[in-house]
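Let's take a walk through this structure together. Have a look at it first, and then we'll go through it piece by piece.

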There are 2 protein chains.
Amino acid sequence: MSRHTLTEREAIALLERLFGRAPMSRRIAVAIGDDAAVLRSGRSSLLWTIDVSVENVHFKRGWLGFADVGYRAFQAALSDLAAMGARPLGALSSLVVSADVGRRELLALGRGQAEAAAELGCPIIGGNISRGSEISVTTAALGEAKRPVLRRGARPGDELWLVGDVGLARAGMLLLSKATARHRRLRAYEARAPTGRRDAGHICIQHWRRPRALISEGARLVGRATAIIDVSDGLAGDASRLADASEVRVLVDEVRLRSALQPELIAVCSALKIDPLDVALEGGEDYALLACGPSRRRPRSARCIGSVLSGSGAFLKREADRRLRRLGAGFDHLA
Amino acid sequence: MSRHTLTEREAIALLERLFGRAPMSRRIAVAIGDDAAVLRSGRSSLLWTIDVSVENVHFKRGWLGFADVGYRAFQAALSDLAAMGARPLGALSSLVVSADVGRRELLALGRGQAEAAAELGCPIIGGNISRGSEISVTTAALGEAKRPVLRRGARPGDELWLVGDVGLARAGMLLLSKATARHRRLRAYEARAPTGRRDAGHICIQHWRRPRALISEGARLVGRATAIIDVSDGLAGDASRLADASEVRVLVDEVRLRSALQPELIAVCSALKIDPLDVALEGGEDYALLACGPSRRRPRSARCIGSVLSGSGAFLKREADRRLRRLGAGFDHLA
């Protein structure tokens, strides 16, 4: 689901209004509202999702190569399967390409998709190609899980877990979006920085260009997590969605979240004079997983960044005064 | 698959080049190259397809309403399931809408999709909405069949069957695409025509705006047809693709095909002074089914329009001199 111009919450409301009244068959366990639709299939479930990456909405051509466009779009789509704890079965690709995209560029784009598909063990088994006025890459992905993990199972008393990183991709996009001025500041910063921090900008940009769907990590949460969502729109908004779906209150602890941030994010934010916490809360495109579960079941790969209480909404427990700040979709310090 | 700018043959070749080298799992029975991908699932097969309808490529806004855009895109996608003899399980919808599309238009578009979904018994169970510079409607559809019918099973000795109509939608589009001049000719014709022919133009336009995926008809071909393809790109091109996939020669008999044409097509072509045979051969968007099978198994709904021989390629057996004219994709009298 896309952050751009429609929040996911708005899109879901609209989709439910558009399609929610259709009679559903007994085969359909979950329709609109989770990361993927769930169809019953014998003893296991099929997880099914679709995602689109549109030029000048989700990316600009100058910010990445054609192979990156394909790679990124594929990983973004597969992240919805990771968020259900599913193993991928296969994907379909629907490409719209503008007339200025030649055969070589199209092959590079497909190479990027194929590379991501190979990494995730998810072969692309069909698709189509059409002309249009801008590039758009639509990916439908099908996965399988014995016990898919939904957004709606979190319980008061659970911990809030973060699997993967947040903020790096957004910091990379900030560098790309106003490249000249920000890169100058970054270069000045890096010149003074200790050796280990000198490629922080490059690392953040690579996180945006080449994100990774956390398929194995998601599968390892099955039987441990009570709820999972992928951080595609930003930690703040996605925590709020998870709280809504599970009908609980989700508390993000600022101290714990800050301690989970990567040094490269902190370095770039320091150079750009912005608070890495804001970038971590509002930046989505690392495709981390946000999960809930009991403390005793937390896997090694998950860091505890908060807790689940009874109530509603998502909140940040601030370090300075321990007061709560409401988190929600559409509240973006960086917009 | 789209006829526009890339023929389906070219698109398949490109997709195979892009994705064909990926290692496939045992679950995947058919990947790129048929109407839908085939995944093994217990005792039956899952059929899976994706299709896109792009503004100014597949339709122009003046030619149809927003509800028609949604309806048409959905039926076009589901036609790929009809062509496998599959029953639909559900669909995902990915909408890209431009900034000038308001909430009311978007709801109308969704209403058209929902209407088609209800008619075909295929609930829309997920999707997303994004901004873009033009409207595009992508539909992924999943179906099920105990014994899916592929393109590649036709055998010498089979008959060539047509289920549904060809040419009407193309004639409707011809009326819409140069509306003023052509409508004037049509109105003059209709004024002289017998009462039953006076709405021929309207009927053809409705065939283009509101095509129907032949799901039930496709399912009835299972156990009867040896091969099926849907006529999405034009009878000539699709007959040629079926011949290639089955490694046979497909012969379309001009006399039989002409006798299968609808009176409304003949009326409109007469008004426009074009040969309805050309429109029937090159026009695709009625989503008829072209199938092969032994004479004794032909269902009532199928008309025999030719035969299958050993050899290769698709040919028209001409009425005038009984000579063969090669049929193929990309050969379009009306382009």
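What follows starts with the place where the two chains meet and then turns to a pair of helices.

Keep in mind that this is a predicted model. So how much area do chain B and chain A bury between them? It comes to about 5300 Å², with 71% of it on carbon and sulfur atoms. Each side brings its share of residues: 61 from chain B and 61 from chain A.

Now for the links across that contact. You'll find 2 salt bridges between chain B and chain A. In one salt bridge, Arg27(A) pairs up with Glu144(B), and their closest N and O atoms sit 3.0 Å apart. There are also 10 residue pairs in polar contact between the chains, counting pairs with both residues at pLDDT 80 or more.

Which parts of chain B touch chain A? Helices H1 (8–19) and H3 (103–120) each supply at least two residues, and so does each of the strands S2 (37–41), S3 (44–54), S4 (87–97), S5 (124–131) and S6 (136–145). Sort the residues on this side of chain B by class and you get 36 nonpolar, 17 polar and 8 charged.

Next, zoom in on chain A. Helix H4 (residues 168–177) packs against helix H6 (residues 200–209) at an angle of about 105°, and their axes are 7 Å apart. Because of that angle, H4(A) counts as roughly perpendicular to H6(A). Residues making the contact include Leu168(A), Met173(A) and Leu176(A) from H4(A), along with Ile205(A), Trp208(A) and Arg209(A) from H6(A). By class, this helix contact has 9 nonpolar, 3 polar and 1 charged residues.

Methods: Residues are numbered from 1 along each chain as its sequence is written. Chains are lettered from A and ligands numbered from 1 in the order in which they are written. This is a predicted model: local features need pLDDT of at least 70, side-chain atom pairs count only at pLDDT 80 or more; totals for chains, interfaces and linings use all residues. Side-chain values use heavy atoms; hydrogens and water are left out. Axes are lines fitted to C-alpha atoms, for helices over the stretch in contact, and angles run from 0 to 180 degrees between N-to-C directions. Helices (H or I, at least four residues) and strands (E, at least two) are DSSP runs, numbered from the N terminus. Angles under 35 degrees count as roughly parallel, over 145 as roughly antiparallel, 65 to 115 as roughly perpendicular and the rest as oblique. Contact means heavy atoms within 4.5 Å. Ala, Val, Leu, Ile, Met, Phe, Trp, Tyr, Cys and Pro count as nonpolar, Asp, Glu, Lys and Arg as charged, and the others, Gly among them, as polar. Buried area is the accessible area (1.4 Å probe) that two parts lose on being put together, summed over both. A salt bridge is a side-chain nitrogen of Lys or Arg within 4 Å of a carboxyl oxygen of Asp or Glu. A polar contact is a pair of N or O atoms within 3.5 Å; within protein, one must be able to donate a hydrogen and the other to accept it, and residues adjacent in sequence count only if both atoms are side-chain atoms.
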